[in-house]
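This report describes the domain layout of a protein chain, one domain interface and a set of charged side-chain pairs. The structure comes first, then the account of it.

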Amino acid sequence: CIPDGTNLCSNPSFDTPTIPPHSSSSSIPSSLKTLTLDGYFSFENLKHAAKDFGNICHYLPIAVLHPKSVSDISSTIKHILYMSSVTKLTVAARGRGHSLQGQAQAYQGVVINMESLDRPSMYIENGEVPYVDVSGSELWINILHETLKYGLSPKSWTDYLHLTVGGTLSNAGISGQAFRHGPQIDNVYQLEVVTGRGEVVTCSDKENADLFYGVLGGLGQFGIITRARISLGPAEKMVKWIRVLYSEFSTFSNDQEHLISSNKSFDYIEGFVMINRTGLLNNWRSSFNPKDPIQASQFSSDGKILYCLEMVKYFNPEKIDVLNQDIEKLLSELNYIPSTLFLSEVSYVEFLDRVHLSEIKLRSKGLWEVPHPWLNLLIPKSRILDFAEGVFGNIVKDNNNGPILIYPVNKAKWNNRTSLVTPEEDIIYLVAFLSSALPGTDGLEHIMTQNQHILDFCAKAQLGAKQYLPHYHNQDEWQAHFGTQWETFVQRKSAYDPLAILAPGQRIFQKAISIT
């Protein structure tokens, strides 16, 4: 893809209205220049706004807004609404640019650089119901450091913390704590949102609840999150980090499901798949210690499909003895390969920010800003064995292009009023193929073809799978994705963004032209 407005991953004409504009788009920048703002617009050198972490789709905007205040965002949207009879202009909010398929881009539209937004000091309430008030442009890593000063932290995380609050709450925010606390969107008390009408609205479960639940997991379709009140809980200082291996998928998944269903379990549970990885346990020794070094040294991973269960227990150093007893009991209930028990002890912050260390290493080698054709799926528990048998070792014959995560969550504890779409069953699996098209590997086209084969298999086998961080090319595909929730989604779009100005990069709705 070329970052000049040409896009090869889908047809940008989807964002082009069938009714031609009444005047040329050259008048649009001059009209934006008339706005009185605390921040400013830029109209040149915009290629950074046509790039994201996925590095696959590139839509060049016509302008980038660098807001200093929420009113800058509101004024810009209202102005575009006012100009809607003569322009197809759309608006996309961009945080850290970690979208995968151009979702935070706006072809010939306006990209809002949320990082420019002034961030008021975080307000932390440490009473009976602790919470933190933060800007929608705030990074989760900064929230972690600030709340820890009070012995508190958010309860639900993503695996990577250098993301904005508004970005993850517009999707879901799922990690290894979600089986217990739900995704990040279930740990929010209140939001401030700028809607597609340009209105600045405070919403919560009790005030403007329809907008509140619509925005959470709403893919940016109903409003731009400018402020959030996030639930907090007590934070320990250290973690015990454990990895074990399985050779049989059914044993692995049974143990995962047992752990997420236990009242007293670990604080974090994830897993990953390794296909034909040479010297696997030797690679772990740099950060993990084997329980039995001799047996571990004799274990061979060559030519095998192995499944790693990753578990973490938070603790304070003065309670290490009780912790070790609890862990020993939990591990005794599992059926992993005994020689593959590896343990590590790190700080709470070091564990939560673990992916950032990988980022630093990859950036130093020039391997971070490569295409990332990720595929994230939610699979119902009743079909996860069918999925594993059909995909691992058949469609996917190795995972040299990146990790494959797989772990269950108990959706019965999740709030079903948000816009997030999941399979019907209470227990679902997140399966994430986190591929990188690195130089010297199979390449982007091969990975994307493999991803399509996985999707085709899910459809043919009627697994009832849903995409997480979804990407589709037309409204029919989106309607199939939302299923019974589609009507509600459309009604909310009509109420809060009637001209489909917001988040055009999702390719759900086509920008409308107001005829006056």
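## Salt bridges and the domain 1–domain 2 interface

Arg492 is buried, with a relative accessible area of 11%. The model that gives this value is predicted. Arg492 forms a salt bridge with Asp210, and the closest N and O atoms of the pair are 3.1 Å apart. The two residues come from distant parts of the chain: Arg492 lies in helix α16 and Asp210 in helix α6 (residues 209–215), with their positions 282 residues apart. Asp210 has a relative accessibility of 36% and counts as partly exposed, whereas Arg492 is buried.

The structure holds 18 salt bridges. Side chains of opposite charge can pair when their charged atoms come close. Three of the pairs are set out below, with the N to O distance in each case.

| Pair | N to O distance | Relative accessible area |
|---|---|---|
| Asp210 and Arg492 | 3.1 Å | Asp210 36%, Arg492 11% |
| Asp326 and Lys264 | 3.7 Å | Asp326 23%, Lys264 56% |
| Asp497 and Lys493 | 2.6 Å | Asp497 0%, Lys493 4% |

The side chains of Asp326 and Lys264 meet in a salt bridge. This pair also links distant parts of the chain: Asp326 is in helix α10 (residues 320–332), and Lys264 is in the loop between α7 (249–261) and β12 (268–275), 62 residues apart. Asp326 is partly exposed at 23%, and Lys264 is exposed at 56%.

Are the partners in the pair of Asp497 and Lys493 buried or exposed? Asp497 is buried, with a relative accessible area of 0%. Lys493 counts as buried as well, at 4%. Their side chains form a salt bridge with an N to O distance of 2.6 Å.

Beyond these pairs, a network of salt bridges links Lys51, Glu359, Arg363 and Glu369.

The next topic is the domain layout. The domain assignment divides the protein chain into domain 1 (30–116 + 495–506), domain 2 (123–234) and domain 3 (238–467). Taken over C-alpha atoms, the centres of domain 1 and domain 2 are 22 Å apart. Their contact takes 21 residues from domain 1 and 23 residues from domain 2.

The size of an interface is often given as the accessible area lost when the parts come together. For domain 1 and domain 2, the buried area is about 1900 Å², and carbon and sulfur atoms give 66% of it. On the side of domain 1, the residues that lose the most area to domain 2 are Arg96, Tyr496 and Leu502, which together make up 34% of what that side buries.

What polar pairing is found across this interface? The rule finds nine residue pairs in polar contact, with both residues at pLDDT 80 or more. It finds zero salt bridges across the interface of domain 1 and domain 2.

The elements that give two or more residues to the domain 1 side are α2 (70–82), β3 (91–94) and α16 (486–496). Of the contributions to that side, the one from α2 is the most, with six residues. By class, the domain 1 side that touches domain 2 has 14 nonpolar, four polar and three charged residues.

A last residue to note is Gln450, in helix α14 (residues 444–460). Gln450 counts as buried, at 12% relative accessibility. Leaving out residues up to four places away in sequence, Gln450 touches Ile395 and Val396.

Conventions. Residues numbered from 1 in each chain as written. Predicted model: local features only at pLDDT ≥ 70, side-chain atom pairs only at ≥ 80, totals over all residues. Heavy atoms only, no water. Domains from an automatic or database assignment. Contact = heavy atoms within 4.5 Å. Buried area = accessible area lost by both parts, 1.4 Å probe. Polar contact = N/O pair within 3.5 Å; in protein donor to acceptor, adjacent residues only side chain to side chain. Helix = DSSP H or I, 4+ residues; strand = E, 2+ residues; numbered from the N terminus. Nonpolar A, V, L, I, M, F, W, Y, C, P; charged D, E, K, R; others polar. Buried < 20%, exposed > 50% of the residue type's maximum accessible area, 1.4 Å probe, protein only.
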